[in-house]
Amino acid sequence: MAVSGEAGTGPGADAHCTSCGRPAADCAGCARTLDPPHYCATCGTRLAVRVSPGGWVGRCKHHGEVARS
Amino acid sequence: MSDTLQPVSISPRPGLAKASRPPLAADVARKAIRAAEVALLDERRMLTADELAELAHVPDSAVPSLAALAHEVRLSWCGPEVEVEGILSAKTGGCPEDCHFCSQSAAFDTPVKATPFLDTEEVLAAARETAELGASEFCIVLAVRGPDERTMGRILELVPLVKAETGLNVAVSAGILTADQAQRLGEGGVHRYNHNLETAASFFPRVVTTHDYAERLETCELVRANGMELCCGALLGMGESVDQRLELIEQLRSVEPAEVPLNFLNPRPGTPLGEAPIVEALEAIRWIAMFRLGLPSVILRYAGGREITLRELQIMGMTSGINALIVGNYLTTLGRTPDEDLQMLDDLKMPIGVLGKVI
Ligand code: SF4
Ligand SMILES: [Zn+2]
Ligand SMILES: [Zn+2]
């Protein structure tokens with residue numbers, strides 16, 4: 001699943017697993033297909049995710065909108 | 001956990017519901033399916049509980065025949081149209097209830113973050129998306145035990161707005177209702193109200209402890225008494241037995257739903273059912289067919305979990321009794337792309353239409 005937004009660039013962009021929030025070094029990737037990301041890739045904070053029939057948006061309280069489809 | 005000693009499943013086929021009797025012999029199964037065909041298509045009568053129990057035990061090899069009959073029954077009782085619906089979680093997570101399958105319960109530590117009621121514009125945008133996908137129904141879903149006064153106000157504001165802006169029929173799912181709330185929602189233009197039984201009464205306390213089955217039944221009754229269509233769904237794969245699935249079909253019959261959304265458990269991380277095995281694909285087809293044969297006139301909707309459960313058998317479900325689907329994403333999880341589903345309907349030459357209760 002493509003994850004776009006500002007968290008996809010810059011240092012620390014992939015510091016955390018977006019499915020479980022753990023540091024990337026501790027998770028080899030636990031993403032399930034058909035789940036939107038639930039954690040910010042930069043800071044590991046749980047995202048507020050809005051899912052609608054045609055898409056989804058993930059927002060981090062520190063980094064704003066970090067992912068969308 | 002040790003690297004060497006991993007737990008092993010002692011069931012040869014994980015994900016199968018426990019049966020209280022062995023599968024029927026092939027010739028007995030064939031006769032049972034023929035008898036059901038005569039009852040449903042020639043005599044046009046509902047099957048008895050005993051007849052349904054017999055059909056639930058046909059061997060795996062007879063499931064395609066069972067499915068073929070269910071498809072005939074659906075065409076005969078409901079017509080060829082397929083109803084398409086979009087759903088939106090307008091208030092996500094933080095629910096005080098403890099439904100063990102649900103990632104939105106505040107009782108469990110799940111990745112789903114609680115978020116407040118969406119803005120009116122966000123709800124309208126989702127409704128427009130739904131309309132563009134060819135849907136006729138849009139369901140506004142709230143993760144609550146029941147609506148408080150503020151929530152009632154928002155729902156009653158949104159329903160006519162969505163209807164006026166998109167032309168869609170508007171459904172609502174907001175938990176347990178009081179008589180007064182049901183009346184106001186009915187008067188407020190709610191076309192269909194969703195309130196699932198989820199599972200059999202005898203299994204319900206295993207998966208929900210914060211409210212009881214009787215409360216669910218009461219809300220179902222209030223919905224119909226106040227002029228709304230009842231959408232009352234099932235969730236299979238929580239560990240219920242074959243007999244309990246049959247019990248659920250009987251209970252659904254008793255509440256007379258216009259629509260039954262059929263969900264298959266998609267185990268959610270952090271919930272008590274997070275590690276449950278998923279329902280096998282052919283088993284899912286068997287139960288889609290069973291629900292159609294038990295509830296011949298309902299709108300039987302493909303709902304959550306179908307992607308991971310059915311995999312390549314997705315199309316087969318459409319010819320096993322299904323006549324409606326949720327298009328696109330679900331409440332907190334994603335679905336197939338709308339294009340895939342719309343292409344599937346096109347390939348099957350199944351027209352998209354609006355369905356009403358036919359009983
Ligand atoms: S009432 Fe609905 S939102 Fe709340 S825990 Fe149960 S299924 Fe989830
Ligand atoms: Zn992870
Ligand atoms: Zn962040």
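Donors are N, O and S atoms within 2.8 Å of the metal, a cut-off that applies to ions other than Na, K and Ca. In this predicted model, the zinc ion (ligand 3) has as its protein donors A:Cys40 (SG), A:Cys43 (SG), A:Cys60 (SG) and A:His63 (ND1), which lie 2.1 to 2.3 Å from the ion. The briefing then turns to salt bridges, of which there are 30 over all chains, to the nonpolar cores, and to helix 13 of chain B.

**Zinc site in chain A**

- The 4 donor atoms of the zinc ion (ligand 3) make angles of 104 to 115° with one another, and the site is tetrahedral.
- Along the sequence, the donor residues follow the spacing C-x2-C-x16-C-x2-H; A:Cys40 belongs to the segment before strand 1 of chain A and A:His63 to the loop between strand 2 (55-60) and strand 3 (64-68), so this pair ties together parts that are 23 residues apart in sequence.
- A:Cys40 is buried, with a relative accessible area of 0%, whereas A:His63 is partly exposed, with a value of 30%.

**Salt bridges**

- Between the chains, the side chains of A:Asp35 and B:Arg268 form a salt bridge with an N to O distance of 2.7 Å; A:Asp35 sits in the segment before strand 1 (48-52) of chain A and B:Arg268 in the loop between strand 7 (259-264) and helix 10 (281-294) of chain B, so the pair joins two chains.
- Both partners of that bridge are buried, A:Asp35 with a relative accessible area of 13% and B:Arg268 with 8%.
- Within chain B, the side chains of B:Arg286 and B:Asp60 meet in a salt bridge (2.9 Å, N to O), and this pair links distant parts of the chain, 226 residues apart, with B:Arg286 in helix 10 and B:Asp60 in the loop between helix 2 (49-56) and helix 3 (63-78).
- B:Arg286 is buried, at 6% relative accessible area, while B:Asp60 is partly exposed, at 29%.
- A salt bridge of 2.2 Å, N to O, also connects the side chains of B:Glu165 and B:Arg128; B:Glu165 lies in helix 5 (residues 149-166) and B:Arg128 in helix 4 (residues 120-132) of chain B, so the pair ties together parts that are 37 residues apart in sequence.
- B:Glu165 counts as partly exposed at 43% relative accessibility, as does B:Arg128 at 27%.
- A network of salt bridges links B:Glu83, B:Glu85, B:Glu137, B:Arg192, B:Glu229, B:Glu259 and B:Arg301.

**Nonpolar cores**

- The largest nonpolar core holds 105 residues, among which B:Phe291 and B:Leu293 touch the most other members.
- When neighbours within four places in sequence are left aside, B:Phe291 is in contact with B:Ala234, B:Leu236, B:Leu248, B:Ile249, B:Leu252, B:Val260, B:Leu262 and B:Leu300.
- Another core, of 9 residues, lies apart from the largest one and includes A:Leu47, A:Val49, A:Trp56 and A:Cys60; A:Cys60 is also one of the donors of the zinc ion (ligand 3).

**Helix 13 of chain B**

- In helix 13 (residues 338-347) of chain B, the buried residues are B:Pro338, B:Asp341, B:Met344 and B:Leu345, and because they cover an arc of only 130° around the axis, they lie on the same side of the helix.
- The face turned away from this buried side carries the exposed residues B:Asp339, B:Asp346 and B:Asp347.
- The elements covering the buried residues of helix 13 include strand 1 (83-91), helix 11 (306-310), helix 12 (314-318) and strand 9 (324-326) of chain B.
- B:Lys349, which follows helix 13 of chain B, has a positive phi, near 55°.

Definitions and conventions: Residues are numbered from 1 along each chain as its sequence is written. Chains are lettered from A and ligands numbered from 1 in the order in which they are written. This is a predicted model: local features need pLDDT of at least 70, side-chain atom pairs count only at pLDDT 80 or more; totals for chains, interfaces and linings use all residues. Side-chain values use heavy atoms; hydrogens and water are left out. A salt bridge is a side-chain nitrogen of Lys or Arg within 4 Å of a carboxyl oxygen of Asp or Glu. Helices (H or I, at least four residues) and strands (E, at least two) are DSSP runs, numbered from the N terminus. Buried means under 20% relative accessible area, exposed over 50%, partly exposed in between (1.4 Å probe, protein chains only). Donors are N, O and S atoms within 2.8 Å of the metal (3.2 Å for Na, K and Ca); water is not among the atoms, so sites may look incomplete. Four donors count as tetrahedral if all angles lie between 85 and 135 degrees; four count as square planar and six as octahedral if opposite donors are over 155 degrees apart and all others between 65 and 115; anything else is irregular. A nonpolar core is a set of buried Ala, Val, Leu, Ile, Met, Phe, Trp, Tyr and Cys residues joined through side-chain atoms within 4.5 Å. Contact means heavy atoms within 4.5 Å. The arc is that of the directions from the helix axis to the C-beta atoms.
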